[in-house]
Amino acid sequence: MEFVPPTAKVYILYLDESGTTVEASYFVLAGLAVFEREIYWFSQELDNLQRQYFPKVSEPILFHATKLRVREGEKVEEPWDSLTGQMRHELKDKIYEIIQSRRGVLFGCAIEKKLAQARSEDPYERAFEDLVSRFDLFMSRVNRQLITENKDEQRGLIVLAESSYQKTIALLGRRLREQGTRWGILHNVSDVPFFAPSKDTRLLQYADFCSNAIYGRYNHKLTGDFDRIASKFDQEGGVVHGLSHLSTDPNCACTACFSRRGRQITLPPA
Ligand SMILES: [Zn+2]
């Protein structure tokens, strides 16, 4: 069953994480913000892919980027073992195509763990706070536009994949709601956050693919999947607001760092 928010007229940001293993140098929290009416269409697209690739499986399959990245010759779990390596690759590409073509806005935060450690920050909490703030700024822009069109304002909701961080993030969410982020008070994001199981929420599965592509870009310098969806990051007038890269390299020239250096905004430097 798809997660349905209790209020009408909302934008929902679905987030999932990558890089939680000890070996990972990067931690990534990322996902897609979609207008409520789009949820159905996104979900349909994954349901269709499941019917096409797994015609015999009636239970919803939890689509997970890493399961589709397993190379030929490596151990493949059920039900992915019913596909050839080429089919898994093709299926992964199709999911990125959906993210690229449907109406959704990408948000992501990639944190070099070394940096978080040096600052005694928890990467998950830092990334969450960063994204809440970016999503709130995005909602401000959406609402400014709606007001000029004499339309009702919209609220932002955040839905996270259930994880071991649930309790910490629930508390942090409440604090951010009451006291704002380190960059200011939130105006448009309400009651953060909700938690939902990825297996029941197709949009959280897309969030997994988003965060996995960003993780690949920063942790392994694999740009293929990242480049396909990079144009979907929240941006305005050529400035990318939806992606942040917190790294020990002050000269990094990635999209996020390049964009950050070129603008004067209220967010602090990485
Ligand atoms: Zn960078």
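These are my notebook entries on a predicted model with a zinc ion.

**Ground rules**

I number residues from 1 along each chain as its sequence is written. Because the model is predicted, I take local features only at pLDDT of at least 70 and side-chain atom pairs only at pLDDT 80 or more, while totals for chains, interfaces and linings use all residues, and side-chain values use heavy atoms, without hydrogens or water.

**Confidence**

I looked up pLDDT, the predictor's confidence in each residue, from 0 to 100. The chain averages 89, and 93% of the residues score at least 70. By element (helices are DSSP runs of H or I with at least four residues, strands are runs of E with at least two, numbered from the N terminus), strand β3 (residues 105-112) has the highest mean, 98, and helix α6 (residues 166-179) the lowest, 80. Note to self: where pLDDT is low, the predicted coordinates should not be read in detail.

**Zinc site**

Which atoms hold the zinc ion? I find His245 (ND1), Cys252 (SG), Cys254 (SG) and Cys257 (SG), at 2.0 to 2.3 Å. Donors here are N, O and S atoms within 2.8 Å of the metal (3.2 Å for Na, K and Ca); water is not among the atoms, so sites may look incomplete. The angles among the four donor atoms run from 106 to 114 degrees, and the site is tetrahedral (four donors with all angles between 85 and 135 degrees). For reference, the ideal angle for four tetrahedral donors is 109.5 degrees. Along the chain the donors follow H-x6-C-x1-C-x2-C. His245 sits in strand β8 (residues 243-246) and Cys257 in helix α9 (residues 255-261), so this pair ties together parts twelve residues apart in sequence. I checked burial too: His245 and Cys257 are both buried (under 20% relative accessible area; exposed is over 50%, partly exposed in between, with a 1.4 Å probe and protein chains only).

**Helix α6**

I checked the length of α6 next. Its 14 residues should span 20 Å at 1.5 Å a residue, and the end C-alpha atoms are 20 Å apart, which agrees (expected span: 1.5 Å times one less than the number of residues). The buried residues of α6 are Ile169, Leu172, Gly173 and Leu176. They fall within an arc of 110 degrees seen down the axis, so they line one face of the helix; the arc is that of the directions from the helix axis to the C-beta atoms. An α-helix has 3.6 residues a turn, so residues three or four places apart point the same way. What covers the buried residues includes α5 (123-148), β4 (155-161) and β5 (194-196), with contact meaning heavy atoms within 4.5 Å. Lys167, Leu171, Glu178 and Gln179 are exposed on the face turned away from the buried side. Just after α6, Gly180 takes a positive phi of about 85 degrees.

**Backbone oddities**

Most residues other than glycine have a negative phi, and most peptide bonds are trans. Where did I find departures? Ser120 has a positive phi of about 50 degrees; Ser120 lies in the loop between α4 (113-118) and α5 and is exposed at 68% relative accessible area. Lys221 has a positive phi of about 55 degrees, in the loop between α7 (202-219) and α8 (224-229), and is exposed at 69%. The peptide bond from Glu78 to Pro79 is cis, with omega near -5 degrees, and Pro79 is in the loop between α2 (65-69) and α3 (85-101).

Technical notes:
Tetrahedral: all angles 85-135°; square planar, octahedral: opposite > 155°, others 65-115°.
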